[in-house]
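Visitor: I would like a close look at a single part of this structure. Please take one helix and explain how it sits among its surroundings and what ties are found there and elsewhere.

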Amino acid sequence: MSTARGVTLLTPGRGRGAEGAAIPQRLGRVLVVEDERDVAELIRYNLVSEGYEVVMATNGTDALRLARESRPDVVLLDIMVPQLNGWEICLRLKRDPSLAGIAVIMVTGRVAEGDKVLGFELGADDYVTKPFSPRELVARVRAVVRRGKLADGKGKKAHLKAGDLEIDRHRFEVRMKGTLVELTPKEFELLATLVGTPGRVFGREELLDIVWGRDGFVEPRTVDVHLARLRGKFLAARLDEPGVETVRGVGYRFRDLRS
């Protein structure tokens with residue numbers, strides 16, 4: 001264990017876990033942003049016992065600094081933390097191309113549906129409400145780490161073009177008639193998935209599998225919310241909407257703008 005400026009780094013060592021089981025090799029690095037000591041310790045203990053390397057921060061400023069320095073696989077993010085709240089931290093992470101690929105799981109006592117929707121709109125990969133089951137939280141961490149590794153190996157096209165719409169995965173940019181449209185990571189991936197196979201109908205559950213992963217604990221209506229926001233951003237920029245069509249009772253498809 002090492003500490004610096006009130007920040008703690010904990011790594012799994014050789015020995016036994018919480019129930020006497022041998023600790024496996026490091027499964028990934030998790031940044032825990034939580035200012036309640038008891039909650040932070042509960043999360044830390046369970047993650048380290050499962051084989052994760054854990055970096056801990058108690059405020060938003062340290063959280064952003066550590067995200068850049070340690071490049072975690074996942075950030076477990078409380079909303080009500082000092083200096084910068086969780087909403088702002090998530091927004092800054094997802095707007096930074098070098099950090100946008102880090103999965104964010106919000107772990108918070110805010111249970112209102114509007115809070116959950118806002119979290120997903122800002123780019124959160126999952127949303128866990130307090131009180132939570134430590135085993136379920138670890139399972140969700142495991143799920144988003146696995147999805148990230150699978151996504152890295154899919155060999156997706158780096159550049160997509162359909163009429164005046166252009167999508168660049170390397171730059172994380174979407175442009176319509178040359179004008180940049182800022183999307184959240186989930187909105188970006190939904191659009192890229194649909195544009196990548198024009199005319200093909202994707203069901204909501206299928207899109208959840210592709211963009212969030214089957215283990216994401218996300219409701220199908222989340223797809224509708226994200227696509228509605230996506231369309232709204234094009235309209236707000238006074239641009240043509242991308243050709244995403246709703247197929248009633250089934251899901252969505254992309255209509256090639258050149259057809």
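Guide: The expected span of a helix is 1.5 Å times one less than its number of residues. The model shown here is predicted, and helix α6 can be put to that test. With twelve residues at 1.5 Å a residue, α6 should span 16 Å, and its end C-alpha atoms are 16 Å apart, which agrees.

Next comes the setting of the helix. Buried means under 20% relative accessible area. Eleven of the twelve residues of α6 are buried, so the helix is largely enclosed by the rest of the structure. The buried residues include Pro185, Lys186, Glu187, Phe188 and Glu189. Leu190, Leu191, Ala192, Thr193, Leu194 and Val195 are also among them.

Lys186 deserves a closer look. Its relative accessible area is 5%, so Lys186 counts as buried. Lys186 forms a salt bridge with Asp125, and the closest N and O atoms of the pair are 2.5 Å apart. Asp125 lies in the loop between α4 and β7, whereas Lys186 belongs to helix α6 (residues 185-196), so the salt bridge ties together parts that are 61 residues apart in sequence. Asp125 is buried as well, because its relative accessible area is 10%.

The residue numbered after Asp125 also has a partner. Asp126 and Arg140 meet through their side chains in a salt bridge, at 3.0 Å from N to O. Asp126 is in strand β7 and Arg140 in helix α5 (residues 134-152), so this pair links distant parts of the chain, 14 residues apart. Asp126 and Arg140 are both buried. Some salt bridges share partners: Glu34, Glu36, Asp78 and Lys130 are joined in this way into one network.

Helix α4 (residues 113-121) takes part through Glu121. A salt bridge connects Glu121 with Arg229, with 2.5 Å between the closest N and O atoms. Arg229 sits in helix α8 (residues 221-236), and the two partners are 108 residues apart, in distant parts of the chain. The partners differ in their surroundings: Glu121 has a relative accessible area of 16% and is buried, whereas Arg229, at 46% relative accessibility, counts as partly exposed.

For the structure as a whole, the count comes to 26 salt bridges. To return to α6, the pair that ties this helix to the loop between α4 and β7 is Lys186 with Asp125.

Conventions:
Residues are numbered from 1 along each chain as its sequence is written. This is a predicted model: local features need pLDDT of at least 70, side-chain atom pairs count only at pLDDT 80 or more; totals for chains, interfaces and linings use all residues. Side-chain values use heavy atoms; hydrogens and water are left out. A salt bridge is a side-chain nitrogen of Lys or Arg within 4 Å of a carboxyl oxygen of Asp or Glu. Helices (H or I, at least four residues) and strands (E, at least two) are DSSP runs, numbered from the N terminus. Buried means under 20% relative accessible area, exposed over 50%, partly exposed in between (1.4 Å probe, protein chains only).
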